[in-house]
Amino acid sequence: MHNVDYNSEPLVQVKNLSKYFNVGHKAVLKAVEDVTFDIYKGETVSLVGESGCGKSTTGRCLIRIYEPTRGQVFFEGKDISTYNKQEAREFTRKVQMIFQNPYASLNPRMTVKEIVGEGLKLAKMPSDQIEARVQELLETVGLNKEHMSRFSHEFSGGQRQRIGIARALSVDPEFIICDEPISALDVSIQAQILNMLNKLQNERGLTYLFIAHDLSVVKYISDRVIVMYLGMVVETAPTEELFDHPTHPYTQALLSAIPEADPRRAKASRRIPIKGEIPSPVNPKPGCRFADRCEYATDICRQELPETREIRPGHFMACHNR
Amino acid sequence: MQEPILSLKNIVYSFKTYGGTVKAVRDVSFDVRPGEILGIVGESGCGKSVTAQCIMRLNPEPPGFFEGGEILYKGKDVLKMNKKELRDFRAKEIGFVFQDPMTSLNPTMRVGAQIEEVFLGHTDVSKQEVKEKTLEILKLVGISDAEKRYRQYPHELSGGMKQRVMIAIALVSRPSVIICDEPTTSLDVTIEAQILELLLELREKLGTSIIMITHDLGVIAKICDRVVVMYGGKIMERGTADEIYYETAHPYTRGLMDSIARLDTAKDQELKPIDGTPPDLFSPPAGCPFAARCENCMAICNELPPEEYRFSEEHSTACWLQHEMAPDTPFRRPLMKGKEKD
């Protein structure tokens, strides 16, 4: 897949990141708890899990939308919370985000040219150059210059997502956080956007953090996968390894629930049942977060947090019983 | 073959708007048999939801109106029913599960009361009995702790739980058909799997027919017996779930399948999206609605709507590529003897 040098210094290092929200009297919502991972230059890392597992919050901490409660995020070896003004400005150029909902993430009062050109304007590019650059960007994402003076409501979902991508690309970023970029789109359009993201990565050597819940897409696009459950990382592995040898009970259950389009296989496949639904992250119980729904849970699971262990090269997992 | 319980015959349904008439459903016919799960699959705007809604006549009329066709339920035409008959039909014969459980439950009413409301509308039983029946139905849809949930408000329930309540409401009158409009789209995969299993179980226990509207081929594969593929307000292909998947005869069906990333898709293999966008239904194309996006498009495709070609008892497609004079493509299938055309 991608040529990634795993011996180099990681582009992004996340160390013991936690993010809590106060949600009322003595109630703390622990959205992200003690999350650690690295992202290397040129690779696509996916963050997967069900809604409420903290994957989007993690993404937002990485781009300084949220201030972490504990822990650090290093970008190119430097802690992003220690940036001075100059460095912070440079950081916002290098790291960009593509949002989930293309209907909510574009300002309805701005033309496409203003939306895509806003970052360039802030980077003090002269306005005559902006126009040419915006046109070039729109062509890169499969739109054309006639679209420049239109407003976002004139576009379909897929086209809007292309505008969002053009906006992210405008400042020549190195690292893009894609927060469910295709889940709001129709199936036939999803493939168009995925192919484009792949092409852009190959041409520009981009690094992606891909936040998603669709595991088939994740398998197709990523080099490594991080599985989260209720704010914590339960398993991390290279994509092939994870899909061939899922080890954590939650990962196994999640993979067995993937919808299969082949009718004979779909009807024959048996889902590993998970009891109930994802519990509330407000004041979580001690012990493994998955214990209440896990069919293998023992006493120790309800008392102590499992250590993260490396069970095969590059394959990390946190479970007492595996 | 079993007698159909519900059959749509040449339904044409449109909406009058300021911009003109939108022809949302154009000549759609299909049958629903007792105890089967029928899938209607297609992208947004293909007319699948409108088709389902017009079975129960849920669309406000005007702006919506039938331009033609009939909907026969147990031999009676729904379009000719008077107000009282229609009310009874909606209340007792058919249940509807909406896509978004977050917005389709009343946020100011307790869950129990919302289910009881349906009972009170059309049965004359005492309050105590109604409550017992409500608790029973909550258990039937897999809600544990029914007594507690009965007293809760929708915002206290998770998405999956709310969808179970929606299904409970649809089941109250033990209808013979339940229409599910994308019931799992807003749910996580593990919860989606739970809901699909619940539907299969209910079909098993109660013998209810289910019409499953979805854009997800995974859902189709998991639970449907027969499938109707819609595009641009028309039916492109129909058949059993196996026939549609293994013996695909329409380029659009193929396109839908190739454009999704599957677990066995190789990483270096590029996905094949369907280029372009769906047709404008204000002025639908004269020929095949898919012609503009079809790789195998021929001259006739833009001019005349294709005839329906039949391959088996269930499997048929509306595509000119099956015509004897069309060039050979991987879509060509042997036609059924004696019944080539409908």
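Let's start in chain B of this predicted model, where strand 4 (residues 64-73) and strand 5 run antiparallel and are joined by two bridges. One of the residues to look for here is L72(B), whose bridge partner in strand 5 of chain B is D77(B).

Now zoom out a little. These strands belong to an open sheet of four strands in chain B, with the order 2-1-4-5 and antiparallel pairing. Which strands sit at the edges? They are strand 2 (20-32) and strand 5 (76-77) of chain B, and each of them pairs on one side only. In general, the strands of a sheet pair through backbone hydrogen bonds, in either a parallel or an antiparallel way. Helix 1 (residues 48-55) of chain B lies across strand 1 (6-17), strand 2 and strand 4 of chain B. Its direction is at about 110° to strand 1 of chain B.

**Nonpolar cores**

Next, the inside. The largest nonpolar core has 69 residues. The residues with the most contacts inside it are I115(B), I167(B), L171(B), M212(B), V227(B), Y252(B) and F290(B). Which helix gives the most to this core? That's helix 7 (residues 159-171) of chain B, with seven residues.

V227(B) is a handy one to click on. Leaving aside neighbours within four places in sequence, V227(B) is in contact with residues including L38(B), V41(B), I220(B), R238(B) and I244(B). Apart from the largest core lies another one, of 65 residues, and among them are I115(A), I258(A), I274(A) and C294(A).

Back in chain B, have a look at I210(B), found in strand 8 (residues 209-214). Is I210(B) buried or exposed? With a relative accessible area of 2%, I210(B) is buried, because the cut-off for that is under 20%. Leaving aside neighbours within four places in sequence, the contacts of I210(B) include E36(B), I37(B), I178(B), C180(B) and L199(B). The C-alpha atoms of I210(B) and F96(B) are 9.8 Å apart, though 114 residues separate the two along the chain.

**Aromatic rings**

Over all chains, the whole structure holds 16 aromatic pairs. Here are two of them, both from chain A.

| Pair | Centre to centre | Angle between planes | Arrangement |
|---|---|---|---|
| Y6(A) and Y40(A) | 5.0 Å | 75° | edge-to-face |
| F21(A) and Y66(A) | 5.4 Å | 75° | edge-to-face |

Where do Y6(A) and Y40(A) lie in chain A? Y6(A) is in the segment before strand 1 (12-22), while Y40(A) is in the loop between strand 2 (28-39) and strand 3 (44-48), so the pair ties together parts that are 34 residues apart in sequence. Y6(A) is partly exposed, at 38% relative accessible area, whereas Y40(A) is buried, at 13%.

The F21(A) and Y66(A) pair also links distant parts of the chain, 45 residues apart. F21(A) comes from strand 1 of chain A, and Y66(A) from the loop between helix 1 (55-62) and strand 4 (70-75) of chain A. F21(A) is partly exposed, with 26% relative accessibility, and Y66(A) is partly exposed as well, with a relative accessible area of 24%.

F21(A) has another partner too: the charged end of K19(A) sits over the ring of F21(A), 5.0 Å from its centre. Between chains, R264(A) lies over the face of Y246(B), at 4.0 Å from the ring centre. Finally, ring pairs link F75(A), Y83(A), F91(A) and F175(A) into a cluster.

Key:
Residues are numbered from 1 along each chain as its sequence is written. Chains are lettered from A and ligands numbered from 1 in the order in which they are written. This is a predicted model: local features need pLDDT of at least 70, side-chain atom pairs count only at pLDDT 80 or more; totals for chains, interfaces and linings use all residues. Side-chain values use heavy atoms; hydrogens and water are left out. Rings of Phe, Tyr and Trp (its six-membered ring) pair if their centres lie within 6.5 Å; planes under 30 degrees apart count as stacked, over 60 as edge-to-face and the rest as tilted. Buried means under 20% relative accessible area, exposed over 50%, partly exposed in between (1.4 Å probe, protein chains only). A charge sits over a ring if NZ of Lys or CZ of Arg is within 6 Å of the ring centre and within 35 degrees of the ring normal. A nonpolar core is a set of buried Ala, Val, Leu, Ile, Met, Phe, Trp, Tyr and Cys residues joined through side-chain atoms within 4.5 Å. Contact means heavy atoms within 4.5 Å. Two strands pair if DSSP finds at least two bridges between them. Axes are lines fitted to C-alpha atoms, for helices over the stretch in contact, and angles run from 0 to 180 degrees between N-to-C directions.
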